[in-house]
Amino acid sequence: MRGRLRGRVDECGAIATEDCNIYGVNRPSPFPNALDALYLAILIAGSPVIGYRLLRTGKWRSDWRGRLGHAAPLSPDSRPTVLLHGVSVGEVAAAAPLVQLLEQRGFRVAISATTNTGFDRARTLYGATHPVLRHPLDFSRAVHRFLGAVRPDVVALMELEVWPNFTRACQDRGTPVVVVNGRLSANSFRGYRRARALVAPSFRRLFGVAAQTEAYAERFRFLGAPDQRITVSDSMKWDAELPDGIERAGERLGAEMGVDRTRPLVVAVSTGPGEEETLVRGRPDGVQLMVIPRKPERFEEVASLGPWVRRSRRDETPAPSDLFLVDTMGEAEAATTLADVVLIGRSWDGLGASNPVPAAALGKPTIVGPDHDNFAEMIEALVGAGAARVSAEPWEGARAILADSAQADRMSTAGPRVVGARRGAAERNVALIEQAVRGSEEQLLGQ
């Protein structure tokens, strides 16, 4: 039924260039609006800074055509199409259990991402079996062009990324938008709160929100999402499955980098500015350290801190060292399998921490710093179950565990247990997407 209705709506044209209103669907105007003018003014005013950052980080090498909404039209398909959008690497990876469930339920899933690293990760994870697209900038022409090519039946935004022109264009096309695995960190909320008058209409347009916690749900309500459309579903990060053969991949990585498996190894995942220097400077004698920076543009900066064995130079015979730098993408979990203790990066530098679930699921004693607002509820659950510890200094916590094998064993056992007990969020998020598709069909049929 949805496919037949979609076909009739598409008679108006894949990309709206004229007024068309059938079944209550308002075809969007392709002309620039006041918001476009505001975006353009911001870009012009900030162009020196933006240009410098693009050049410094190498991000100017991007798919600018895709950012302007040019996407290859999706092939016809009888299945309803879900456009699943994640901003960057974290959201794209966390979407894996949702992608799998949606496919099992008979949906076609297209994945979009904003950042270069997110886009590359999406192609690695899903590109062989699903369309992977560059999400457009929030200019009206770019948004209309993109939606005209993809023609989704429902848009699911991972965690957040609610943009005014995009949500308005979806509303005009009769395409419901939902937020899945919804998260509004304290920093993000402060920014949205200052622009509440501007963003509230976008939040009111949402068909539904599946928030990770009640605290996040309350922030969505404050910004305009209708209370009756908000549910609390927990985090899908609990549902993420470890890749097949991850232990073998870890063994291969360790062997190729020259890790000594007879001595303790501490692995620091998703580290941020300043943390690597602290870890190198404070490393105890006899303890090996492996670091995985969060952002690839920082690889060279981190490499300058010590005599590292670098993963990116795997074709070279590594000189003996106790410092290992994983300066590649997609190998964090493999590296984690080697650890005696895992340190969760970005939790000692004020950036709110990184995802602690893979380390816990692998049964690794986990240390988190005091700056973990982005994952506060998850870390509280892991600490409460005895799978993780919060430590003001990374090496203080790591030393304590390395010196107490009984404690390390208890933490190793607790991690997989608590992760298994918290699974199920992906199913609840799929239910919201299915509800959105049914609601859209009923609206079209009722006109």
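Here is a walk through a few features of this predicted model: some salt bridges, a cavity and a surface patch.

Let's begin with charges. Side chains of opposite charge can pair when their charged atoms come close. A search of the whole structure turns up 24 such salt bridges. Take E256 and R311, whose closest N and O atoms sit 2.6 Å apart. This pair ties together distant parts of the chain, 55 residues apart: E256 is in helix α12, while R311 is in the loop between β12 and β13. E256 counts as partly exposed, because its relative accessibility is 35%, whereas R311 is buried at 3%.

D327 and R310 also meet in a salt bridge, at 2.8 Å from N to O. Here too, distant parts of the chain are linked, with D327 in the loop between β13 and α15 and R310 in strand β12. Both of these residues are buried. Elsewhere, E214, E218, R221 and D227 are joined into one network by salt bridges that share partners.

For a pairing inside one helix, look at R281 and E277, which meet at 3.8 Å. They lie four residues apart in helix α13, about one turn. R281 is exposed, with a relative accessible area of 60%, and E277 is partly exposed at 44%.

Helix α13 also helps line the second largest cavity, with β10 and β14 each supplying at least two residues as well. That cavity holds about 50 Å³ of space, and its lining divides into six nonpolar residues, two polar and one charged.

Finally, on the surface, L38, I42 and L198 form a nonpolar patch with about 270 Å² of accessible area together. L38 belongs to helix α2.

Methods: Residues are numbered from 1 along each chain as its sequence is written. This is a predicted model: local features need pLDDT of at least 70, side-chain atom pairs count only at pLDDT 80 or more; totals for chains, interfaces and linings use all residues. Side-chain values use heavy atoms; hydrogens and water are left out. Patches are made of residues with over 30% relative accessible area and no salt bridge: like charges are joined within 9 Å, nonpolar side chains (Val, Leu, Ile, Met, Phe, Trp, Tyr) within 5 Å. Accessible areas come from the Shrake-Rupley method with a 1.4 Å probe; for residues, only the protein chains shown count as cover. A salt bridge is a side-chain nitrogen of Lys or Arg within 4 Å of a carboxyl oxygen of Asp or Glu. On a 1 Å grid over the protein atoms alone, a cavity is a set of points where a 1.4 Å probe fits but cannot get out, and a pocket is an open set with protein on both sides within 12 Å along at least five of seven lines; lining residues have an atom within 4 Å of a point. Grid points are joined across faces, edges and corners, and a volume is the space filled by probe spheres set on the points. Ala, Val, Leu, Ile, Met, Phe, Trp, Tyr, Cys and Pro count as nonpolar, Asp, Glu, Lys and Arg as charged, and the others, Gly among them, as polar. Buried means under 20% relative accessible area, exposed over 50%, partly exposed in between (1.4 Å probe, protein chains only).
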